[in-house]
Each structure stands twice: as C-alpha cells, then as structure tokens.
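Okay, thanks for coming, everyone. Please have the sequence and the model up on your screens, and follow along as I go through it.

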Amino acid sequence: MSSHRPASSFEGGTAGVIEARKGKAITMRKGELLKLINTHGNQVIDFFAFALDSNLKPLPAETMNFLSMQHTRSGNMQLTPKAGGKLFSNLRKPMFAIVEDTSPGVHDTLVPACDPERYRMLGVQGHHASCAENLHSALEESGYPFPRDFTPQPLNLWMNVPVQAGGALAFVEPASQEGDYVVLKAEENCLVVCSACPQDITPVNGYGQKPSDCHFEMI
C-alpha cells in the first residue's frame with residue numbers, strides 16, 4: 001500500500017481541473033465541502049467515493065465501504081437524490097449531504113460507468129478511454145486497495161437518462177447549463193474519484209458529443 005499522496009489527489013482549500021476524458025482523485029475529511037462545476041454545461045461527471053480511516057488511510061482490503069446508488073435510492077426513496085438529500089454507502093451509512101445544486105437536478109443513478117466492453121458494443125475498434133479505467137487508475141495511484149474487476153455504480157452527475165413510457169430509457173443531452181454546480185458535504189473521511197466521462201458516441205455529453213473539462217473547489 002502506498003504511503004504517499006499522489007499529484008492527482010487534493011486536500012481541502014484547493015481547486016483544480018477534472019480534465020476531459022480523465023479522472024481525478026480528491027481526499028476529503030468529514031465536514032469538508034466539495035463544489036463540482038459543470039464549466040461548459042454539458043459534461044457528465046461519474047462520481048465515486050470510498051471510505052478512509054481517521055488518518056485518511058485506505059481501509060483494509062477486505063473492507064468494502066463505498067458510495068452505492070442502490071442504497072442511495074433506497075435511503076432517499078427517490079430515483080435521483082436532490083438538494084437536502086444524502087448519498088449513502090453500501091453499508092447504508094450517509095457518505096455525503098447534498099448541500100446545493102444550481103442545475104435543474106437531472107442526474108442519473110441507473111447507468112453503470114462506461115468501460116471498454118461498452119465501447120466495443122458501440123462499435124469502437126481499439127482502445128477508448130472509459131470511466132471504469134479512470135476510476136481504477138486513480139485508486140491505484142492513490143494506494144487504495146480495491147478489486148479491479150469490480151466497478152461500483154457511480155452517481156452520474158448531470159447525466160440525463162429519462163425513463164420513458166413503458167419503462168424504456170433514453171440517452172439525451174444534459175439539462176444543465178454552463179457554470180451549474182453541485183456542493184457535497186462529506187459525512188465521513190473519504191477518497192473521491194471524479195471522471196469527466198469520455199463518452200463521445202451517445203449524446204450524454206451534449207449532441208456535439210465532445211467531452212470537456214470540469215472544475216472543482218474545496219470550500
């Protein structure tokens with residue numbers, strides 16, 4: 001297990017860029033606020049989180065304590081969490097409070113993180129960046145022991161997946177606008193990983209299908 005903090009991991013009082021198609025690890029202490037900004041208005045962020053101990057160290061490898069969308073849906077009794085709601089872990093413990101959301105509040109809790117197989121299914125030949133790969137690369141760089149063959153369901157911030165008549169799903173462009181942001185308060189120490197989704201085949205990052213940078217602030 002690595003004892004150093006990688007260049008991609010930030011502590012409180014800082015700000016930075018989540019580059020298009022890439023991931024960013026951010027260390028948060030209980031009580032800190034993270035502001036995630038949809039800088040250009042049309043970029044989805046896959047948001048993952050993993051519990052840390054009181055010394056901001058990874059939990060033992062056998063301990064699985066991570067942000068869980070199925071538990072978040074159950075905990076809020078809503079398909080999509082709203083400002084004032086909570087984001088829950090797989091242990092049914094609140095990991096974050098949603099303090100503020102300036103967007104229309106359209107986010108997704110149903111669709112898994114994109115991965116190499118997803119792009120093969122979409123007809124891509126050769127390598128294509130993915131949120132799953134971004135996640136596991138960030139965890140490895142941060143020294144967080146987590147099985148690479150398991151990718152938790154992320155909170156897909158600003159991803160617009162309307163449920164249509166009969167239960168069908170659709171992928172449409174985000175309802176968010178340039179500069180919209182979400183503020184999350186950590187309810188426990190955690191390592192956050194944000195992936196600026198590389199999807200450029202479906203319109204989840206806008207009908208221009210061009211992933212873009214987002215920004216974050218620790219406030």
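One definition before we start: when I say helix, I mean a DSSP run of H or I at least four residues long, and a strand is a run of E at least two long, with both numbered from the N terminus. And keep in mind that this is a predicted model.

Let's begin with helix α3. That's residues 131-141. Which residues of α3 are buried? They are Cys131, Ala132, Asn134, Leu135, His136, Ala138 and Leu139. As a reminder, an α-helix has 3.6 residues a turn, so residues three or four places apart point the same way. What covers those buried residues of α3 includes the strands β3, β5 and β10. If you want to find them, β3 is 23-28 and β5 is 45-51, while β10 is 190-196.

Just past the end of α3, look at Gly143, with its positive phi of about 70°. For background, most residues other than glycine have a negative phi. So now let's look for positive values in other residues. Arg21 has a phi near 75°, and Arg21 is not a glycine. Arg21 sits in the loop between β2 and β3, and Arg21 is partly exposed, at 33% relative accessible area. Then there's Arg92, again a residue other than glycine, with a positive phi near 65°. You'll find Arg92 in the loop between β6 and β7. Is Arg92 buried or exposed? Exposed, with a relative accessible area of 54%.

Back to the chain after α3. Pro145 is in the loop between α3 and β8, and is partly exposed at 25%. Who does Pro145 pair up with in space? Well, measure the C-alpha distance to Glu62 and you get 8.8 Å, with the two positions 83 residues apart in sequence. There's a related pair right there: Pro60 and Phe146 are 86 residues apart along the chain, and their C-alpha atoms are separated by 9.5 Å. Pro60 belongs to the loop between β5 and α1, and Pro60 is partly exposed, at 40% relative accessible area.

One more pair of that kind, this time involving a strand. Leu191 is in β10 and counts as buried, at 4% relative accessibility. Leu191 and Phe66 are 125 residues apart in sequence, and 9.4 Å apart in space, C-alpha to C-alpha.

Stay around there and step back to Asn189, in the loop between β9 and β10. Asn189 is in a loop, and yet at 15% relative accessibility Asn189 counts as buried, because the cut-off for buried is under 20%. What does Asn189 touch? Leaving out residues up to four places away in sequence, the contacts are Met28, Arg29, Lys30, Phe50, Ala51, Leu52, Asp53, Ser54 and Leu56. Asp53 also shows up in a polar contact: its backbone oxygen lies 3.1 Å from a polar atom of the Asn189 side chain.

Now, cysteines. How many disulfides are there? Zero. Why don't Cys194 and Cys214 form one? Each has the other as the closest cysteine, but the sulfur of Cys194 is 9.0 Å from that of Cys214, so the two are too far apart for a bond. The cut-off for a disulfide is a sulfur pair within 2.5 Å. Both cysteines are tucked away, too: Cys194 is buried at a relative accessible area of 0%, and Cys214 is likewise buried at 0%.

Last stop, the cavities. How many cavities of 30 Å³ or more are there? One. The largest cavity has a volume of about 40 Å³. The residues lining the largest cavity are Pro81, Ile98, Asp101, His107, Leu155, Leu157, Val182 and Leu184. By type, that lining comes out as six nonpolar, one polar and one charged. Where do they come from? Strands β7, β8 and β9 each supply at least two residues of the lining. On the sequence, those strands are 94-101, 155-157 and 180-186.

That's my tour. Happy to go back to any of the spots on screen.

Conventions:
Residues are numbered from 1 along each chain as its sequence is written. This is a predicted model: local features need pLDDT of at least 70, side-chain atom pairs count only at pLDDT 80 or more; totals for chains, interfaces and linings use all residues. Side-chain values use heavy atoms; hydrogens and water are left out. On a 1 Å grid over the protein atoms alone, a cavity is a set of points where a 1.4 Å probe fits but cannot get out, and a pocket is an open set with protein on both sides within 12 Å along at least five of seven lines; lining residues have an atom within 4 Å of a point. Grid points are joined across faces, edges and corners, and a volume is the space filled by probe spheres set on the points. Ala, Val, Leu, Ile, Met, Phe, Trp, Tyr, Cys and Pro count as nonpolar, Asp, Glu, Lys and Arg as charged, and the others, Gly among them, as polar. Buried means under 20% relative accessible area, exposed over 50%, partly exposed in between (1.4 Å probe, protein chains only). A polar contact is a pair of N or O atoms within 3.5 Å; within protein, one must be able to donate a hydrogen and the other to accept it, and residues adjacent in sequence count only if both atoms are side-chain atoms. Contact means heavy atoms within 4.5 Å.
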